[in-house]
Amino acid sequence: MRDLYDILRVKKGASQDDVKKAYRTLAKKLHPDHNKDDEKIAERFKEVSAAYSILGDAEQRGRYDRGEIDENGNDKAPGFGGAGGFRSGGYGGGHNRHQDFDMEEAEGIFSEFFRFTGGRGGGARGRAGGQRQNPYQSSNRKKGLDISYEITVGFEEAITGGKRRLSLNTGKSVDIKVPAGIKDGQVIRLSGQGGPGLGAAPKGDALVEIRIAPHPYYKREGNDIHLELPISIDEAILGGDIQVPTPRGKLTVRIPRNSSSGRRLRLKEKGVKTTKDTGHMYVTLKIMAPEKRDLELERAIQNWAGGTGPDMRKKAGLN
């Protein structure tokens with residue numbers, strides 16, 4: 001693997017924010033959802049995500065910069081060649097043989113031992129077969145990084161719930177259950193689907209942020225749904241039953257006679273349903289004049305003996 005900084009296209013002295021920004025830019029560009037069936041891009045995406053799993057964590061980045069871990073996050077075994085001994089002052093000429101031998105170096109030695117011998121008794125048996133786990137791998141190991149994703153769902157899908165398939169940075173695809181009533185910005189956690197842990201540490205999680213696409217006529221406020229419903233002049237005057245769309249299908253709603261624009265009808269418990277609460281749907285009437293001139297309607301209005309506009313505005317205190 002190349003140098004991790006080269007992979008993310010940042011300088012070694014870049015800030016953590018710059019590293020994060022570089023990763024997000026590359027991840028968005030290389031994401032499998034935008035590059036279907038392109039194996040080279042998929043491999044590049046994995047490489048970028050793996051690099052960020054180390055450089056995106058300040059502690060692990062420091063260890064990588066100091067040469068304590070390699071590009072895969074594995075501890076480097078202490079060197080025995082060159083001028084001799086363990087790091088500076090080790091066996092072979094140092095004034096104090098033990099001053100630089102610390103637990104971190106001991107961990108590296110024992111890691112190599114257990115990796116190549118498989119614990120006492122050797123072999124590649126599983127735990128049920130008697131293999132002993134490296135005690136240095138099971139202690140003080142850091143869980144892998146959480147990796148963030150973002151998906152957009154439709155308004156109706158957010159209300160009723162559904163399933164979405166997500167391509168992970170590993171190239172694996174998983175089905176996500178979108179709960180009914182989920183809110184914009186809510187995060188779904190997929191346990192163990194994040195970056196690799198160091199040694200025997202568990203993997204991180206995938207954090208999937210849900211974005212809800214805006215709808216042309218529905219609006220959500222809390223668990224209530226609002227709809228502005230156009231009606232004709234005759235429907236406003238005469239009233240009657242009309243079909244009203246909702247995220248779960250059409251409902252028959254009765255419009256009262258002599259309804260004015262702005263009148264609001266409540267459809268009880270037809271809003272967002274969650275495990276804790278059920279909202280309502282509010283339908284606001286909006287009277288629309290015909291798009292084309294209607295001479296018969298004009299004559300009827302001229303002969304109408306009802307109230308006039310000035311009288312109505314005076315009654316409302318606007319005149």
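**Pockets, salt bridges and backbone features of the predicted model**

Together, I301, W304 and M312 make a nonpolar surface patch of about 350 Å². A patch here joins residues that have over 30% relative accessible area and no salt bridge, with nonpolar side chains (Val, Leu, Ile, Met, Phe, Trp, Tyr) joined within 5 Å and like charges within 9 Å. Accessible areas come from the Shrake-Rupley method with a 1.4 Å probe, and for residues only the protein chains shown count as cover. The structure is a predicted model, in which local features need pLDDT of at least 70 and side-chain atom pairs count only at pLDDT 80 or more, while totals for chains, interfaces and linings use all residues. Residues are numbered from 1 along each chain as its sequence is written, and side-chain values use heavy atoms, with hydrogens and water left out.

Within the patch, W304 sits in the loop between α8 and α9 (309-315). Helices (H or I, at least four residues) and strands (E, at least two) are DSSP runs numbered from the N terminus. W304 is exposed, at 51% relative accessible area; the word exposed stands for over 50%, buried for under 20%, and partly exposed for values in between (1.4 Å probe, protein chains only).

W304 also leads to the second largest pocket, as one of the residues nearest its centre, together with I233, A236, I237 and I301. A pocket is found on a 1 Å grid over the protein atoms alone, as an open set of points where a 1.4 Å probe fits, with protein on both sides within 12 Å along at least five of seven lines; lining residues have an atom within 4 Å of a point. The second largest pocket holds about 450 Å³ of space, a volume being the space filled by probe spheres set on the points, with grid points joined across faces, edges and corners. Its lining has 15 residues, divided into 10 nonpolar, 4 polar and 1 charged. In this count Ala, Val, Leu, Ile, Met, Phe, Trp, Tyr, Cys and Pro are nonpolar, Asp, Glu, Lys and Arg are charged, and the others, Gly among them, are polar. Both α7 (233-238) and α8 (295-302) supply at least two lining residues, and the largest share, 5 residues, comes from α7.

The largest pocket encloses about 740 Å³. It is lined by 25 residues, and R24, A27, S148, Y149 and E150 are the closest to its centre. Two or more lining residues come from each of α2 (16-30), α3 (39-55), β1 (147-153) and β5 (206-212). Here α2 gives the most, with 6 residues. By class, the lining of the largest pocket has 11 nonpolar, 7 polar and 7 charged residues.

Attention now turns to charged pairs. Side chains of opposite charge can pair when their charged atoms come close. With a salt bridge taken as a side-chain nitrogen of Lys or Arg within 4 Å of a carboxyl oxygen of Asp or Glu, the count comes to 14. One of them joins R189 and D205, with N to O at 2.8 Å. This pair links distant parts of the chain, with R189 in strand β4 (residues 187-190) and D205 in the loop between β4 and β5, 16 residues apart. D205 is buried, at 5% relative accessible area. R189 and D205 also belong to a network of salt bridges with K143 and D146.

Another salt bridge is formed by R254 and D241, whose closest N and O atoms are 2.8 Å apart. R254 lies in strand β9 (residues 249-255) and D241 in strand β8 (residues 240-246), so the pair ties together parts that are 13 residues apart in sequence. R254 is exposed at 61%, whereas D241 is partly exposed at 45%. A further salt bridge pairs E298 with R293, again with 2.8 Å between the closest N and O atoms. There, E298 is partly exposed at 29% and R293 is exposed at 68%.

The backbone offers some details as well. Most residues other than glycine have a negative phi. R9, which is not a glycine, has a positive phi of about 60 degrees. R9 is found in the loop between α1 (4-8) and α2 and is exposed, at 58% relative accessibility. E269 likewise has a positive phi, near 55 degrees. E269 lies in the loop between β10 (264-267) and β11 (281-288) and is partly exposed, at 44%.

Finally, A201 lies in the loop between β4 and β5 and is buried, at 13% relative accessible area. The C-alpha atoms of A201 and G144 are separated by 7.2 Å, although these residues are 57 residues apart along the chain.
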